[in-house]
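Here is a short report for a reader new to this structure. Look over the sequence and the model, then read on.

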Amino acid sequence: MGSLIASAMLSISSIAALAYFFTPPVYLAFDAPHYLPVVAILLVASLAAVYLIEKVRLAREATLDAAAKLRRSEADLEHREKRWREIFEHNPVMYFMVDAAGTVLNVNSLGATQLGYSPSELIGHSVLKVFLEEDRALVGQCLRLCTEIVGQSHTWEIQKIRKDGSVLWVRENAKATRWADDQLIVLVACEDITDRKRTETALRRSEAHLAQAQELSRTGSFGWSVATGEVIWSKETFRIFEYDPATKPTPRLVLDRTHPEDRAAVQQTIDRALREEVDFEHEYRLLLPDGSVKHLHAVARATRTASGDTEFVGAVTDITAAKQAEQQLRRSEAYLAEAQRLSHTGSWSWDVHRVEFVYRSAEVDRLFGFDPEEAVSIETIRSRIHPDDLPRLQEVPCRVIEEKGGHFEYDFRILLPEGAIRRIHSVAHAVVSSDGNFTELIGTHMDVTEQYAARERLEKALADLRESEQRFRDYAETASDWLWETGPDHRVTRFSEHTSTAGILATGVVGLLRCEIAGDVDAEPEKWRQHQATLEARLPFRDFIYRTVTRTGSSIYVRTSGKPFFDADGNFLGYRGVSTDITPTIRADQAERELRKAQAELAHVTRVTTLGEMTTSIAHEINQPLAAIVANGEACLGWLDRDTPDLSEARCSVEWIIEDAIRASEVIRRIRALAKKSDIEMVPLNINDIVHEVIALVTRELVSQRVSLRTELAPALPMILGDRVQLQQVIINLVMNGIEAMQPVRDRPRELVIRSSQDEMGGVHLAVTDCGVGITGDDADRVFNPFFTTKSTGLGMGLSICRSILEAHGGSLSIARNQEPGATFQFVLPVHKEVVS
């Protein structure tokens with residue numbers, strides 16, 4: 001009930017009600033004395049129960065109050081947790097909670113969303129997965145540092161990688177703390193600084209662009225504090241003045257670089273700016289250490305600092321190129337005026353409303369026959385225009401107004417005072433003014449008098465060209481060559497009709513490929529492969545030779561040349577060319593090769609015959625070193641058979657044996673080379689070396705015939721290109737002929753002279769002179785004919801073969817009569833081309 005009194009009253013009322021309803025009516029009177037104790041006991045019990053009930057109620061109220069307070073505390077805790085979670089979730093900063101191992105324990109939605117994940121995709125995983133591979137070691141090091149110093153904040157900037165692979169920059173603030181269960185955790189607050197990083201990058205890029213722009217525009221900036229004297233230059237300013245960027249800039253440096261002629265003006269400008277503290281702008285030149293000159297334009301603005309001091313901020317621009325361009329422009333204007341004078345082209349501008357020239361170049365006056373230095377009125381100019389052309393000229397300005405602009409071309413004639421007529425071609429277009437109206441015509445007058453004359457000459461030339469074309473067509477149709485044309489697929493589309501003389505019908509080859517016309521494709525596949533590659537590359541070809549068959553079945557050889565042709569857009573249309581029947585030439589070449597082969601066979605027979613004639617000399621040349629070998633061998637045995645062998649002398653004998661064996665071997669080698677039947681081998685040779693080789697072979701023959709040999713060989717002769725064996729054969733033949741010609745001589749010494757030299761044309765000259773019986777005039781004309789001989793024995797082929805050999809080498813063989821008895825046979829060979837080059 002809330003109070004003891006109320007409870008007691010309630011108890012008494014209850015007892016009274018009990019006595020009233022369940023006992024006889026006593027009106028609160030107790031008939032028996034034992035009722036009183038009972039009532040008293042009941043009352044006491046009731047009061048005790050009331051007391052106990054009150055205590056229970058109070059305890060219950062205390063319990064309920066405690067429970068209410070607990071519920072309020074839980075609600076408050078939930079409210080705080082909710083608020084913390086709301087702060088954790090909705091804070092514009094990414095929060096991560098990781099353990100010491102780097103595993104994510106919790107992450108706010110913003111942090112997960114910023115990285116493209118859901119919180120569940122990050123919780124329980126390593127925090128390193130959101131960092132770049134190369135940064136993970138650094139992140140691990142930072143986490144370890146946090147756990148080592150608990151409670152201390154650590155900050156770093158790093159890149160994180162989103163789920164989609166994109167990257168963002170964050171500034172992380174981390175601190176380690178202990179959880180309720182003494183677990184060590186690291187709280188990481190991440191601030192997205194991507195925009196700041198981009199701004200910093202953009203700022204650095206902007207600074208780089210500014211520096212690049214200054215470099216490209218050749219404009220440097222500077223600042224100058226008047227109060228402190230401090231001067232700041234940009235990098236480009238240092239480059240313009242060509243000072244080391246480490247140099248401290250001062251106004252004195254500017255004056256030191258200033259051109260002496262401009263230095264006083266620059267100093268005056270600086271002094272005035274300091275004195276009056278006003279903006280300044282001026283141009284001056286720099287004289288650089290290498291002697292070059294730069295033109296600069298400087299402009300500066302005077303500003304006031306917060307402290308009231310004056311500072312100049314300005315820019316200096318290298319205008320050297322502009323100055324040079326200005327000079328070039330002046331030259332160009334002069335060149336233009338000169339070009340107009342040379343090309344007889346004048347420029348002008350005409351005001352269509354005021355009907356007068358706004359501008360006209362000097363050449364316009366000259367075209368009309370006036371002096372450019374004299375003033376000329378419009379009427380005077382019009383008086384020079386042919387009367388039939390003047391109305392057409394006067395219509396042009398009216399058409400400009402009516403048609404509202406346009407482009408105009410017209411011709412007219414000028415009547416010069418001396419009666420000559422000058423033809424003018426004029427081109428003009430209308431100029432739109434700022435209000436959209438057409439007020440001016442700008443154009444040119446060009447003297448085309450010569451062009452008119454040239455046109456007449458061109459028309460005559462075209463007529464002559466058509467006549468020449470017809471003449472060329474007649475020539476082509478009657479020439480032995482024939483013309484052809486193929487399409488883009490290389491099939492014949494046109495063929496000369498007159499090819500029937502070569503046995504080829506034009507109708508039979510049209511539509512065919514060249515390889516289908518030819519008959520040697522299988523025999524010479526490499527040649528046709530290269531030709532096909534040339535066609536596919538659309539390159540011109542020349543002198544391509546192939547074999548084909550005529551309509552009668554006989555083989556002919558064709559030499560063809562062609563070049564590709566294209567349309568105006570560069571599209572390939574095919575080939576055009578000319579072909580020639582070269583069958584006679586091919587057959588002649590084949591016959592000549594057979595003749596050369598026969599000549600080589602005959603030359604070999606002649607060499608062998610000559611060797612047969614020289615058998616005695618050859619045997620002596622071989623026996624001589626062999627006899628020496630035997631003698632030296634016996635001497636060596638003698639030296640070795642002594643009681644004390646003389647090894648030194650024996651060694652000398654053996655060395656002599658080796659030398660004699662080499663000499664005999666060399667003789668045999670030369671004889672084998674002459675006797676051997678081999679192909680011609682053209683190599684660079686020295687004619688003097690061949691002479692020495694021949695002398696070694698004919699020495700015994702000279703001795704046996706008592707002929708003395710004298711050589712006059714010019715030193716340092718240029719090389720010739722030839723076959724060693726064949727040239728040896730020629731010289732041996734000439735020497736043997738000289739020896740035989742001197743056999744009847746008894747009244748004078750027998751002398752043979754071999755001379756080598758270089759003639760006036762640069763060729764190598766060799767002459768063999770004997771003092772024999774000589775050659776008569778009649779025989780001199782026939783001595784080189786085959787089968788002609790003045791000897792009792794012989795075939796008469798030696799000199800004929802010699803001449804053929806020398807002609808095959810590009811040389812010639814001739815005979816010269818001596819003033820003294822005897823004869824001289826001489827030949828000239830060309831110098832090797834590589835030596836000449």
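Contact means heavy atoms within 4.5 Å. Leaving aside its neighbours within four places in sequence, Asp351 is in contact with Glu356, Val358 and Thr439. This is a predicted model: local features need pLDDT of at least 70, side-chain atom pairs count only at pLDDT 80 or more, and totals for chains, interfaces and linings use all residues. Residues are numbered from 1 along each chain as its sequence is written, and side-chain values use heavy atoms, with hydrogens and water left out.

**The chain as a whole**

The chain has 837 residues, and 34% of them are buried. Buried means under 20% relative accessible area, exposed over 50%, and partly exposed in between (1.4 Å probe, protein chains only). The secondary structure comes to 25 helices and 27 strands. These are DSSP runs numbered from the N terminus: helices are H or I with at least four residues, strands are E with at least two. Take the contacts between residues at least 6 apart in sequence: 51% join residues at least 24 apart. The accessible surface is about 50,500 Å², and carbon and sulfur atoms hold 56% of it. Areas come from the Shrake-Rupley method with a 1.4 Å probe; for residues, only the protein chains shown count as cover.

**Three residues compared by place**

| Residue | Location | Relative accessibility |
|---|---|---|
| Asp351 | strand β11 (residues 345–351) | 11%, buried |
| Thr247 | loop between α7 (235–241) and α8 (251–257) | 28%, partly exposed |
| Leu462 | helix α14 (residues 449–478) | 38%, partly exposed |

Thr247 has contacts too. Beyond its neighbours within four places in sequence, Thr247 touches Phe238 and Leu253.

**A surface patch**

Leu462 joins Leu458 and Leu465 in a nonpolar patch on the surface. Together they have about 270 Å² of accessible area. Patch residues have over 30% relative accessible area and no salt bridge; like charges are joined within 9 Å, nonpolar side chains (Val, Leu, Ile, Met, Phe, Trp, Tyr) within 5 Å. A salt bridge is a side-chain nitrogen of Lys or Arg within 4 Å of a carboxyl oxygen of Asp or Glu.

**Helix α21**

Helix α21 covers residues 687–704, 18 residues in all. From first C-alpha to last, α21 reaches 26 Å, close to the 26 Å expected at 1.5 Å a residue. The expected span is 1.5 Å times one less than the number of residues. Where does α21 bend? The bend is at Val698, by about 50°. That angle lies between axes fitted to the seven residues ending there and the seven starting there. Val698 is also one of the buried residues of α21. Others among them are Ile687, Asn688, Glu693 and Leu702.
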